[in-house]
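Here are my notes on this entry, for comparison with your own reading. They deal with packing and with backbone angles.

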Amino acid sequence: MIGITAKKKLRDLQSKKNQSIHFMPSLIRKLFHKSEASKDGLTQPQREAVVDLLNYCMYADNLIFLAEDRLITDTVAKFNWDSKVPFDQFDVRSIGNARNARENQGYSDQFLASIRDRLSTAAVKGQALDLCQELFVADGARSEEEEAVLQNLRELLE
């Protein structure tokens, strides 16, 4: 026969066990919950639009430099990239779209309009333009093609 104090201890242990069971989902949510306001201040569509725009700019003069690719990589490293959209897979598709846009004016208009719409705010459009300017001088000089693309982007995004 179990004594009264033993029953009380058993109940206390069960109570603590139940508290820890209820605590675990809360702990898991805290560990794995992504806050709505990301540290980079961007939405995932805005991040993707910036990458699309930078890839488009990288192909502006049909010369690809390691410094340009590094600028894109460094920019993305500062983003809180959504883990449901692996960057490597997105980047392959983005590069393909950027190359198609450089070769086909009709597609280019659609691609750039999509970028403009996804950037959505004047502040993010300004940040994207600044990054394009950095990319254009990353290789040491701005070409005539890059200058023309930058002018077109200013008109599109401002």
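**Notes on the core and two loops**

1. Cys132 touches Leu53, Leu54, Cys57, Leu150 and Leu153, leaving aside residues up to four places away in sequence. Contact here means heavy atoms within 4.5 Å.

2. The model is predicted: local features need pLDDT of at least 70, side-chain atom pairs count only at pLDDT 80 or more, and totals for chains, interfaces and linings use all residues. Residues are numbered from 1 along each chain as its sequence is written, and side-chain values use heavy atoms, with hydrogens and water left out.

3. Cys132 is also among the residues with the most contacts inside the largest nonpolar core, which has 34 residues; the others named are Leu53, Leu54, Leu119, Leu135, Phe136 and Leu153. Such a core is a set of buried Ala, Val, Leu, Ile, Met, Phe, Trp, Tyr and Cys residues joined through side-chain atoms within 4.5 Å. Buried means under 20% relative accessible area, exposed over 50%, and partly exposed in between (1.4 Å probe, protein chains only).

4. Two or more core residues come from each of H2 (44–58), H3 (66–77), H4 (87–103), H5 (105–119), H6 (122–137) and H7 (144–157). H2 gives the most, with eight residues. Helices are DSSP runs (H or I, at least four residues), numbered from the N terminus.

5. Asn62, in the loop between H2 and H3, has a positive phi of about 60 degrees although it is not a glycine. Asn62 is exposed, at 63% relative accessibility.

6. Ser120 lies in the loop between H5 and H6. Ser120 is not a glycine either, yet its phi is positive, about 65 degrees; its relative accessible area of 45% makes Ser120 partly exposed.
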